[in-house]
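This briefing looks at the internal cavity and at one of the pockets of a predicted model, with attention to the residues that line them.

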Amino acid sequence: MLRTTRAVKPLKAITTSVRFMNSFENLAQDVNITRSGKTLIAKGTGGRSSRTGYTATVFGANGFLGSYLTAKLAKHGTTVVVPYREEMAKRHLKVTGDLGVVNFLEMDLRNLESIDEAVRHSDIVVNLIGREYETKNFNYYDVHVEGARRIAEAVKKHNIARYIHVSAFNAEIDSPSEFNHTKGLGEQVTKDIVPWATIVRPAPMFGREDKWFLDRMARSPCLVSANKFQETSNPVHVIDVAAALERICFDDSTVAQTFELYGPQKFTQKQIIDMVSETLRKEVRHIELPKALYQAYTKATQAIWWPTYSPDQVERQFLSQKIDPSAKTFNDLDLTPMELPDLMFKLIRPYRVNTFQHDVSQLENKEKTFVHILD
């Protein structure tokens, strides 16, 4: 017979475990009821081999942010459904959870049946799908608007208790950037179909393998700008965003809310590049091109099959981050985001030349010392 340590409670009852313990420790056994009325049974004392009783579908799980979020959910025993398109792109997620916790399901945004199958058994759905550049198969509208519409309709059809739609900073319908414009439309479509959806707008994210941020600055032979790297933003660590999303997933008080997740400090791109140069102990070369010329060049390179810088990314170089004052932030989740300068050395150290690979004296402002070992 199942033994429960506490009486039946609403979904918010588990929020305390997530918010203050962040790992479902001492979970024991508990019964929770979701907003849709579904009864869930949590088992274990917390950790990899425990089960929270929840099933979460994470669209875009193999991406930058998605990999961190999937790992956090699976680590605490939440069953995760990972819809995927490319077989080789999702294999690293299997080991993030115990046996049977991370489950893969082939899916295509144009296949409504596959989307329906991905969400029908879930209690939580997170949409992280997005594209920095357009391809011959999917443009921004296909992914950010039509894709968001199809996922939202599936969520509404199955009355999923929690739906989190991850948008982007500067998501505005009237934005000159097609990326930001379609992200704004995606938010509007989502809220029209699923009124209880939570909208999350992360700032530019940095972290290991961030691809378009610190990694690009550290590895590129030469950076190109059309705006003298003067656009400003409050970059945020991807692990902080993943932690915030995890809390939002299990907190009913975030229903129908909008969150802006950004770092504590504002920088221009030039300031960040200078920090990268100082950390690498070498100059990060960069040049300035006229906007029209740079966009023409990036448009020509779109024919290459691997990801390249796009004309819309050039347009976004002229758009500094705007923060919605009415949106909730990390403070509302009892989280304090980490600062970029504190993590810079740790994240881009592999790009240092061998001569300075282990030299941290520059950052610590200490003289280099030698230790002599005597017989």
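**Second largest pocket**

The second largest pocket holds about 380 Å³ of space, where a pocket is an open set of points on a 1 Å grid over the protein atoms alone, with protein on both sides within 12 Å along at least five of seven lines. A volume is the space filled by probe spheres set on the points, which are joined across faces, edges and corners. The model is predicted, with local features needing pLDDT of at least 70 and side-chain atom pairs pLDDT 80 or more, whereas totals for chains, interfaces and linings use all residues. Residues are numbered from 1 along each chain as its sequence is written, and side-chain values use heavy atoms, with hydrogens and water left out.

*Lining of the second largest pocket*

- Among the 18 lining residues (those with an atom within 4 Å of a point), Arg216, Tyr294, Tyr297, Thr308 and Tyr309 are the closest to the pocket centre.
- Helix H6 (214-219), strand S11 (223-225) and helix H9 (291-300) each give two or more residues to this lining, and the largest share, 3 residues, belongs to H9; helices (H or I, at least four residues) and strands (E, at least two) are DSSP runs, numbered from the N terminus.
- By residue class, the lining of this pocket comprises 11 nonpolar, 4 polar and 3 charged residues.

*Largest cavity*

- The count is 1 cavity of 30 Å³ or more, a cavity being a set of points where a 1.4 Å probe fits but cannot get out, and the largest cavity has a volume of about 30 Å³.
- Its lining is formed by Asn127, Ile129, Val143, His144, Ala148, His165 and Lys183, with helix H4 (residues 140-157) giving the most, 3 residues.

Methods: Ala, Val, Leu, Ile, Met, Phe, Trp, Tyr, Cys and Pro count as nonpolar, Asp, Glu, Lys and Arg as charged, and the others, Gly among them, as polar.
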